[in-house]
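Visitor: Could you take me through a close look at one part of this model? I would like the cut-offs behind each term as we go.

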Amino acid sequence: MSIAIDIERLMFRLEWLGKVGTLPGGGVKRLALSPEDAEGRALVMRWMCDLGLEITTDVIGNCWGIRAGEEDGPPVVMGSHIDTVATGGLYDGSLGVLAGLEVIEALNAAGARTRRPVAVAFFTNEEGARFAPDMMGSGVAQGALPLDEMLEVEGIDGVRLREALAAIDAAGPAPVGALKPHSYLELHIEQGPVLETEELQIGVVTGVQGISWTEITVTGASAHAGTTPMALRHDAGAVAARIAVEAQQIAADHGPPQVATVGRMRVSPDLVNVVPQEAVMTVDLRHTDEATLQKAETRLWRAAQDFARAGGCAITRRTLARFEPVEFDPALVDSVEAAAHARGLGHRRMPSGAGHDAQMFAPNCPSAMIFVPSQDGVSHNIHEYTAPSDIAGGAQVLMDVVCQQAELQDAPEFQTIETGQLP
C-alpha cells in the first residue's frame, strides 16, 4: 500500500516558483540572497506555513519545516536549494524542495501518520554563483565550513555574505547544526545526458565526485602588441591559455570520470593591441577517487608553474572550494533502488558529477539522492527541462522511501498503486 503524489500540484508549484526572478527569454535568475531569492524564500515559507509545518531558520538562512511524527526525535529530511545561477532553469534545486512539500501535502491529504517527523528544507547559496564556495549553507549547517569565515565571503558584486543576509532579513535565530536529521533524501534532476540516453527514469545516486575549484592569477607585463618581439614578452594571457589546454589534457589522459573546466578567464588591460599584464582564471577539476583528484591537482599546478617560468611571469593560486568524494549510505541507496524497481521504473546506479547539499549531510546521517532525466542533458540553462512524467516517477520514489524511513503508521485514505503505475 502506498500514498500517491499529485503531479499536477507539484508542477503548479514548480511553475509558480519559476515566475520569481523570471528572465525575458525564459528561465530564472535567483542568485543567493538577492531580492529575487528573498521573494522565492517567502513563497516557499508560505507554502510550508499552509501545510502546518513548524518552520525554523538558522543563522546562515537555511530554512526547514517539520511535520510532527508520532514520536519526537530527528526528522527524515528532504531538501535542496532554491537559489539559481544567473541564467538558470525551473528544476535545478527547486524540484527537491517542492517535491518535499508535495510528499508532506500528500501525507496530510491522506491523513497519514508517521512514527518519525518528516521535514523539508532549503539551503543558502548552494550554487556558489554569487558567493564561493557552493553548498555553503548546508556545509555550515553540517560542520564542513566555518560560519565566521563564510559570513565574511565577498560575492561577485562586492557584497559580503553577512551584508546580503541582513539586506533581505534571511538570517534566523537557530544556531549552526540545529537541523539534525535521522536521514536525508534529495530528489534532483540529473543535469547530464545519461538517463535520457539510456531511456531510464531514475538515477540511483551512489555518491558525489570530489570537487576542486582553484583560482589562478598570472602576472606579466603589458606591452605594445606590434612593437614587442615575441621572445621579449611577459604575456600573462598566453600562459593562462597554456594552463587551460593542460587542464583539458589532464582530463583526456586520466579518462572518465575525470573532468576539467576553465569556466572563467579575465585578462587585463583587455585591449586588442596590448599584451596582457594579468590573467585571472578558474580551474574546476572533478573525480570520484580522491587520490586521482589529488594527482590531477598536482600535475596542473606543476605545469602552470612551468608555463609561468617559461613565459617570464609570476603565478599564484587560491582555493575557492575543495570537497572530497562522498559515498552515500549503502542501505539507503538500496532503498531508493528497491523503490524504483517496485514501481517498474527503469533505473541505474550512478555517481553525481555535480555537487549537492546531500554530500554535506552524508558524513553525519544516512543520505541518498534520486535523479530524474534532464532533456538533452541541459542544466544551468534557461532551456532546462524535465518531463512531468519523469518528475512524477522521481517524486513517487521519494515518497516511498520517506514513508519507509519515517515508518508510516497508517493512512485512513490509503491509495493502492500497482507496480509500474504512476499517479
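Guide: Happy to; here is a look at one helix pair, with some words on confidence and on one serine.

This is a predicted model, in which local features need pLDDT of at least 70 and side-chain atom pairs count only at pLDDT 80 or more, while totals for chains, interfaces and linings use all residues. Numbering starts from 1 along each chain as its sequence is written, and side-chain values use heavy atoms, with hydrogens and water left out.

The protein chain has an average pLDDT (the predictor's confidence in each residue, from 0 to 100) of 95, and 97% of the residues score at least 70. Over residues 413–423, pLDDT stays under 50.

Now the pair: helix 8 (residues 236–254) packs with helix 9 (residues 290–310) at about 150°, the axes being 9 Å apart. Helices here are DSSP runs of H or I with at least four residues, strands are E runs of at least two, and both are numbered from the N terminus. Axes are lines fitted to C-alpha atoms over the stretch in contact, and angles run from 0 to 180 degrees between N-to-C directions. Helix 8 is therefore roughly antiparallel to helix 9, a label for angles over 145 degrees. Among the residues making the contact (heavy atoms within 4.5 Å) are Val 239 and Ile 243 of helix 8 and Leu 300 and Phe 307 of helix 9.

Finally, Ser 374 sits in the loop between strand 17 (367–372) and helix 12 (388–406). Ser 374 has a relative accessible area of 1%, so it is buried (under 20%, with a 1.4 Å probe and protein chains only). A polar atom of the Ser 374 side chain lies 2.9 Å from the backbone nitrogen of Gln 191.

How values were computed. Buried < 20%, exposed > 50% of the residue type's maximum accessible area, 1.4 Å probe, protein only. Polar contact = N/O pair within 3.5 Å; in protein donor to acceptor, adjacent residues only side chain to side chain. Parallel < 35°, antiparallel > 145°, perpendicular 65-115°, else oblique.
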